[in-house]
Amino acid sequence: MTHKPYLRYKEAGVKWMGKVPEHWEIKPLKRIGKINYGIGEPPKYQSEGTPLIRATNIHEGKLIEDGMVFVNHEDIPANRVFWLQVGDIIIVRSGAYTGDSARIPNGYVKSIAGFDMVLRCYEDDSKFVQYALLSKYLKQDQIDLEKLRAAQPHLNAEELGSCLFIAPPLSEQQTIVSFLDQETSRIDTLISEKERLLSLLQEYRQALISNAVTKGLDPSVKMKDSGVEWLGEVPEHWEVMRLGFLCNKIGSGKTPLGGSESYSESGVLFIRSQNVYYEGLLLDDIVCINEEIDGEMAGSRVLPGDVLLNITGASLGRTCLVPENFPPANVNQHVSIIRAKDSSIRKFLSWAMKSFSIKAQIESYQNGAAREGLNFDQISQLIIVVPPRIEYSYISGFLDHETSRIDTLISQARKFIDLLKEYRSSLITAAVTGKIDVREVVPSGSEKQEIAYE
C-alpha cells in the first residue's frame, strides 16, 4: 500500500528533523509528562510478590515476562517507591540496552521499576509516545547520541527530557496508534512465522548432524548397544571410544602479556572465542599479534584440519574446523585446539563435535558448583562413535552437501526477518513524524475502539 503525505508541511526548526505537518507541534519530552526514577537498589528478590521490572524485561517496545523477579511489598521503602500505572513507559537508563523502552500493560499495575526511568504522560497518548520512542528520529537521532556522551552508555532524566518530541493533536495520535497497532501486528505475525521456520531449520540441521555421526547413513545397518545410556544403539561395526585416543594434541593458548594492548591490526591472526561458531570461523572482529609474540606462543599455533572448541564462558561448546589453506594463527586460553592423529578423520571429527551427544557430555561436566569450563582431561574423556575409515568421507561429504542446502534456507529466512524488522521500523518513523498521512487509512470509529487499550 502506498501512503500519501500530508497536504501542508512546515520546517521543524531543527535542521536534521526536516519538515513536519503544519498543524503538529514540537516540544521537549519533559513537557509531555513527568520523568521519574525507579526504586534504585531493590529489596531481596523472591519467587512471587510485587513485580520488579528491570532492563532485561524491556525489548523494543515490549515487556518481556521471562526472567521477571519479584520483591516483598512490605520491604519497599515508602519514600522511594513509584507505583507503575497502565500507560507508564519505562526507559532503560544504563548498559547495553540504554534508551530501549516499553509501555506498562494492564497486568502490571502496582509493579515497580528498578534502576530505570519512568515517563508518565500528561495528555498525550502514551501508546503514540511509545511508538515515537522506537522511531529513528527520537531513538537513534537523539537518545542514542545522548547515551554515548558518557564513558559507558548512560541516560539521565535531564538528557531524556531534552529530547524533542513531534506531537500531532491527540485525536490524530490515536488514529496513528490504531494504524500502527494493525500494521505492526501484521508484520510481527510474519516475523514470528519466519522465526519459527528458522528454528525448525536449525533443529533439523542439528538432528541431521547428530544422526549421521552416531547412526551412519544406512538405515538398514545392523545396530548394537553402545553401552552408553544416553547414546543408545550405534552401528555394529563402529567403535565407541574416548576422544583423547584419537588425538595427539588437546591444548589451548593464552592471552599475550599486556592483554588487549598487545593486539594489532596486522600480523599473525589471534583467534578468540568470539571468532569460533558452529558455521565456521567468523573473522569480522579478528585481532592480530606481532611475530615476536607469535614466536612465544608457538605451542598454540593453529593448523588446517584442527578442531577448535570454546571451553569457557557463554559460548562454551561452540566448535568448528580450521579450513584448508588457513593463514598462520594462534588461540587464547578460552579456545582449545583438538588435533587428530589421522588427518583423514579430522573433518568427520569436526562434525561429531557438533552432535547432541557431545553437547550432552559437555553440559554434564558443567552441572557442578564451580562451572569453570572444560579442562583438557574432560575433553579427552569425551565419548564419540567412530566408523571405519572408508565411511569418514562419505558422511562428511553428505553433511557438507545437506547442511549447505539448509544453511542457504536459514540465510534466506534471516534476511527476510531483517527486511521485515527494517520495514516495521521505517513505517513507525514515517507515521509518527508525519511523513505519511494515515487518517484515511484507519476506518472511522477505530480511534474509539483503541482508546480503551486494556
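**View 1. The second largest pocket holds about 450 Å³ of space**. Welcome to the first close-up of this predicted model. The pocket has a lining of 23 residues, and those nearest its centre are Leu 321, Lys 347, Ser 350, Trp 351 and Asp 400. Strand E21 (280-281), E25, helix H7 (346-352) and H10 are the elements that give two or more residues to this lining. H10 gives the most, with five residues. Sorted by class, the lining of the second largest pocket has nine nonpolar, six polar and eight charged residues.

**View 2. The largest pocket encloses about 600 Å³**. Its lining is made of 22 residues, and if you look for the ones closest to the centre, you will find His 59, Glu 60, Leu 134, Lys 421 and Arg 424. Four helices each supply at least two residues of the lining: helix H1 (126-134), helix H2 (136-147), H4 and helix H10 (389-432). In this lining, 10 residues are charged, six are polar and six are nonpolar.

**View 3. Helix H4 (residues 170-215) meets helix H8 (residues 356-365)**. Two packed helices are described by the angle between their axes and the distance between the axes. Here the axes come within 8 Å and cross at roughly 95°. Angles of 65 to 115 degrees count as roughly perpendicular, so H4 is roughly perpendicular to H8. From H4, the contact is made by Gln 206, Ala 207, Ser 210 and Thr 214, while H8 brings Phe 356, Ser 357 and Lys 359. By class, two of the residues in this contact are nonpolar, four are polar and one is charged.

**View 4. The largest cavity has a volume of about 50 Å³**. Rolling a probe the size of a water molecule over the atoms shows where empty space is left. In this model, the count comes to one cavity of 30 Å³ or more. Around the largest cavity you can pick out Val 213, Thr 214, Leu 231, Ala 352, Ser 355, Ser 357, Ile 358, Ile 383, Ile 384 and Val 385. H4, H8 and strand E28 (383-386) are the elements giving two or more residues to the lining, and E28 gives the most, with three residues. Seven of the lining residues are nonpolar and three are polar, with no charged residues. Two residues link this view to the previous one: Thr 214 and Ser 357 line the cavity and also take part in the contact of H4 with H8.

**View 5. Four strands form an open sheet in the order E18-E27-E24-E25**. Strands of a sheet pair through backbone hydrogen bonds, either parallel or antiparallel. In this sheet the pairing is antiparallel. Strand E18 (247-252) and E25 are the edge strands, each pairing on one side only. On average, neighbouring strands are turned by 20° against each other, direction ignored. E24 and E25 are joined by three bridges, and Leu 309 stands opposite Thr 319 in E25.

**View 6. Leu 316 sits in the loop between strand E24 (307-310) and strand E25 (319-321)**. Which residues does Leu 316 touch, not counting residues up to four places away in sequence? They are Asn 310, Ile 311, Ile 362, Gln 366, Gly 373 and Leu 374. If you zoom out to Leu 427, the C-alpha atoms of Leu 316 and Leu 427 are 39 Å apart in space, with the two residues 111 residues apart in sequence.

How values were computed:
Residues numbered from 1 in each chain as written. Predicted model: local features only at pLDDT ≥ 70, side-chain atom pairs only at ≥ 80, totals over all residues. Heavy atoms only, no water. Axes fitted to C-alpha atoms, helices over the stretch in contact; angles between N-to-C directions. Parallel < 35°, antiparallel > 145°, perpendicular 65-115°, else oblique. Contact = heavy atoms within 4.5 Å. Nonpolar A, V, L, I, M, F, W, Y, C, P; charged D, E, K, R; others polar. 1 Å grid on protein atoms, 1.4 Å probe; cavity = no way out; pocket = protein on both sides within 12 Å on 5 of 7 lines; lining within 4 Å. Points joined across faces, edges and corners; volume = space filled by probe spheres on them. Pairing = 2+ DSSP bridges.
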